[in-house]
Amino acid sequence: MNLVWIKNDLRFEDNPALYAAVNDKNPFVILYFENESMPLKTRKNKMGAASWFLYQQLIDFQNECQKWGVPFVYIRELTPKKLTEIITQLKIEKVFYNESICPTYISVQKQIDSLLGKQKVQTFAKVGPNLIEWENHRTQTGQVFQVFTPFWKALWKNRHLVSVPLQDARKVSHRQKITSDDLNIGDSISESDFYDSVPAGQPWYSHMAETQTVGERAALKRLKKFIQNGLSHYKTARDIPSVEGTSRISMDLARGSLSLRTAWHSVLDSVELNSKGEIKDSNHEQFLKELCWREFATYVLYHFPDSCEKSLKLNYEKLDWENSPKKFKAWTRGQTGYPIIDAGMRQLWTTGWMHNRVRMIVGSFLVKDLNIEWQKGAAWFLDTLLDADLANNSLGWQWVAGCGVDAAPYFRVFNPILQGEKFDPDGSYVRHWVPELKHLNKEFIHKPWEAPDNVLKAAKIELGKNYPLPLVDHSTAREEILSLFKSLKK
DNA sequence: TGAAATGTTGGGGCG
DNA sequence: ACGCCCCAACATTTC
């Protein structure tokens, strides 16, 4: 018998390990396990919302396996002893898995490889979820890319190397001689393995449970819907948080219910080139670039595994951040007094997702206005985002803090009022997520403290009572952070 | 995938 | 008619 180790790749389409298993003569079981080394379980990277998503994925995947007639084994806490038992009991000959480059997974993979090696079990690490192979993806001088644009250009030039997604493994005919009933191993998937159940009242995930679809079928549906309806005006619509202008597949890609290659090829299929060989439709190009940003993020984390903890510009680590717990709490709760920030943070808490434009604004605000180190914001995002992804998250936060590869320069400070007025001009995003400000007109919706008393009164707003006064003054905070950075240059 | 400060220009009011 | 000033509007520099 063979075994397929599934981890962050709970899908049937474009799953190289599963595909290899169905094409092997032996029957196989699919194993999913957790233990203290797995990313979702490490205390360092608490991923609460993502764990909720994962639980739903597992239930869905288990059902699909049952329909398919392939045994799916879930192990709550995999120990070396337990693994040995499984290997012996099922007479496992070969193990297939998709290779992950996430630092935490790498360590688990090494453990598994060495354990299985001792058992004389052959392991087959299949190509991971990336678009291209990275060791040889280098600049002309042989360096690791540290700037996005040349990375993108080189990838685009080599796009013929991006393999076509493998078909749904269930469509490959194979003879399975066992079913789950024949096995007497594994645990039942329990909610409490993934998140704390809430005894009474509204649980934190209630909005997600009502509105968020999860699983491979849902992922493919989201992608298809975006390609049909959203792609043709992606380039401009993607920047307006009140508009459903983005694909929303980030969580499917991050959690592995959709492969990046599937998303890539679904766009590439309709791409046309002009006479110069450029992509005709800039919407197509923009979306492919965004997918490429994900590739870039994983590539950077692969080459700089420390970058999820430490600033790549090492002198940032010497900065003396204020790190005020009070300010941090106000930020997480969406109580900073800056409407666009509060709207974003509340959208994040409620839905497990935040519009990308707003992620940049709240990130800049945390680091540069509240004077809090990026790692604190990164940890909060990992814990609250359904699409929490170590590579993307680290890249994004280092970018906004100005200490990563291809980062925004330190002096680039987003103005939360101007950003609000530019990207949420009528204030409808703010009004949706900050209902206290529902009746405020668009002139003051991004700066309620400047509204005259009669306007505030008419809008039923009492600043400091039912909506906070600004936690900090932006222009003062800007001056302060710039002088802090200046001290660094000396 | 910025914003603020500073510099330049040109039209119009006005003595 | 002319020079002067003011100040948008735009451009450039700086953080």
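In this predicted model, I would like to start at Arg 357, where an N or O atom of the side chain is 3.4 Å from a base oxygen of DNA strand B. The elements that give two or more residues to the surface near that strand are α11, covering 282–303, together with α14 and α17. Two further polar contacts go to the backbone of DNA strand B: a polar side-chain atom of Arg 412 lies 2.2 Å from a phosphate oxygen, and a polar side-chain atom of Asn 415 lies 2.8 Å from a phosphate oxygen.

Taking the surroundings of this strand as a whole, there are 13 residues around DNA strand B, and those that come nearest are Trp 293, Met 360, Arg 412, Asn 415 and Gln 419. Of the atoms of DNA strand B that come within 4 Å of the protein, 72% belong to sugar and phosphate. If we sort the residues of that surface by class, we find seven nonpolar, two polar and four charged.

Now to the other strand. DNA strand C is surrounded by Phe 411, Arg 478, Leu 482 and Lys 486, and here sugar and phosphate make up 22% of the strand atoms that come within 4 Å of the protein. By class, the surface near DNA strand C consists of two nonpolar and two charged residues, with no polar ones.

Let me come back to Asn 415, because its side chain also has a partner within the protein: at the start of α17, a side-chain oxygen of Asn 415 reaches to within 2.9 Å of the backbone nitrogen of Ile 417. Which residues of helix α17 are buried? In this helix, which runs over residues 416–423, they are Pro 416, Ile 417, Gln 419, Gly 420 and Phe 423. Seen down the axis of α17, these buried residues fall within an arc of 165°, so they line one face of the helix. As a general point, an α-helix has 3.6 residues a turn, so residues three or four places apart point the same way. The face turned away from the buried side of α17 carries Leu 418 and Lys 422, which are exposed, while the cover over its buried residues includes α13 (339–351), α14 (356–369) and α20 (474–489).

Turning to the interior, the largest nonpolar core has 163 residues, and those with the most contacts inside it are Ile 30, Trp 264, Leu 288 and Trp 331. The element that gives the most to this core is helix α2, residues 48–68, with 10 residues. To take Trp 331 as an example, and leaving aside its neighbours within four places in sequence, its contacts include Ile 341, Met 345, Val 362, Phe 365, Trp 380 and Trp 397.

I will close with two individual residues. Cys 292 has its place in helix α11; is this residue buried or exposed? Its relative accessible area is 0%, so Cys 292 is buried, and, not counting residues up to four places away in sequence, Cys 292 touches Phe 148, Phe 151, Trp 152 and Leu 155. From Cys 292 to Ile 279, 13 residues away in sequence, the C-alpha to C-alpha separation is 15 Å. The second residue, Ala 218, sits in helix α7, residues 216–230, and has a relative accessibility of 12%, so, with the cut-off for buried residues set at under 20%, Ala 218 counts as buried. Between the C-alpha atoms of Ala 218 and Ile 249, which are 31 residues apart along the chain, the separation is 9.7 Å.

How values were computed
Residues are numbered from 1 along each chain as its sequence is written. Chains are lettered from A and ligands numbered from 1 in the order in which they are written. This is a predicted model: local features need pLDDT of at least 70, side-chain atom pairs count only at pLDDT 80 or more; totals for chains, interfaces and linings use all residues. Side-chain values use heavy atoms; hydrogens and water are left out. A residue is near a molecule or strand if one of its heavy atoms lies within 4 Å of it. Ala, Val, Leu, Ile, Met, Phe, Trp, Tyr, Cys and Pro count as nonpolar, Asp, Glu, Lys and Arg as charged, and the others, Gly among them, as polar. Buried means under 20% relative accessible area, exposed over 50%, partly exposed in between (1.4 Å probe, protein chains only). Helices (H or I, at least four residues) and strands (E, at least two) are DSSP runs, numbered from the N terminus. The arc is that of the directions from the helix axis to the C-beta atoms. Contact means heavy atoms within 4.5 Å. A polar contact is a pair of N or O atoms within 3.5 Å; within protein, one must be able to donate a hydrogen and the other to accept it, and residues adjacent in sequence count only if both atoms are side-chain atoms. A nonpolar core is a set of buried Ala, Val, Leu, Ile, Met, Phe, Trp, Tyr and Cys residues joined through side-chain atoms within 4.5 Å.
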